[in-house]
Amino acid sequence: MSVPALKKNYYLIHAPDIPNAQRAKHIAAHMATSAPLVQSGYIVAGGGFLPQTAHSSDADALAKISGSFILVQADTAEQAWETLKKDAFWQSGEVWDRERVTVTPVYVGVPKVE
């Protein structure tokens, strides 16, 4: 079985939260920024990191999130950074720990069929 060549570049964004992050305060603006990026296919997947003892099906899972992950399709890492810095979680300075955010190129072995 041959591996298909990808048509786009993928980047995994890891954005840990600061202590006492104010997610609830900025979630509406974060979602408003993210929705068109999801619709356009720029954001492939995203969500939050949970502690090892939590489950995504827990009723209080959203309250336990300690950071974000976002898989994006972008031309370059610079484009991924530029787009990320427009997000309310970045701009507010009250959610993501800007010093610890990373944008890493990744190979997606099971991409969506285009």
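**How the strands and helix H1 are assigned**

S3 is mostly covered: seven of its eight residues are buried. The model is predicted, so local features need pLDDT of at least 70 and side-chain atom pairs 80 or more, while totals for chains, interfaces and linings use all residues. Residues are numbered from 1 along each chain as its sequence is written, and side-chain values use heavy atoms, without hydrogens and water.

Reader: What makes S3 a strand, and what makes a residue buried?
Author: A strand is a DSSP run of E, at least two residues; a helix is a run of H or I, at least four; both are numbered from the N terminus. Buried means under 20% relative accessible area, exposed over 50%, partly exposed in between (1.4 Å probe, protein chains only).

Reader: Which strands pair with S3?
Author: Pairing takes at least two DSSP bridges. S1 (residues 9-16) has eight bridges to S3 and runs antiparallel to S3. S2 has five bridges to S3, also antiparallel. Both pairs therefore meet the definition. Pro16 stands opposite Gly67, and Gly48 opposite Ser68.

Reader: How do you know that the span of H1 agrees with its length?
Author: The expected span is 1.5 Å times one less than the number of residues. For the 18 residues of H1 (residues 23-40) that gives 26 Å; the end C-alpha atoms are 24 Å apart, which agrees.

Reader: Which residues of H1 are buried, and what do they pack against?
Author: Arg23, His26, His30 and Ser34 are buried. They pack against S2 (43-48), S3 (67-74) and helix H3 (88-91), where contact means heavy atoms within 4.5 Å.
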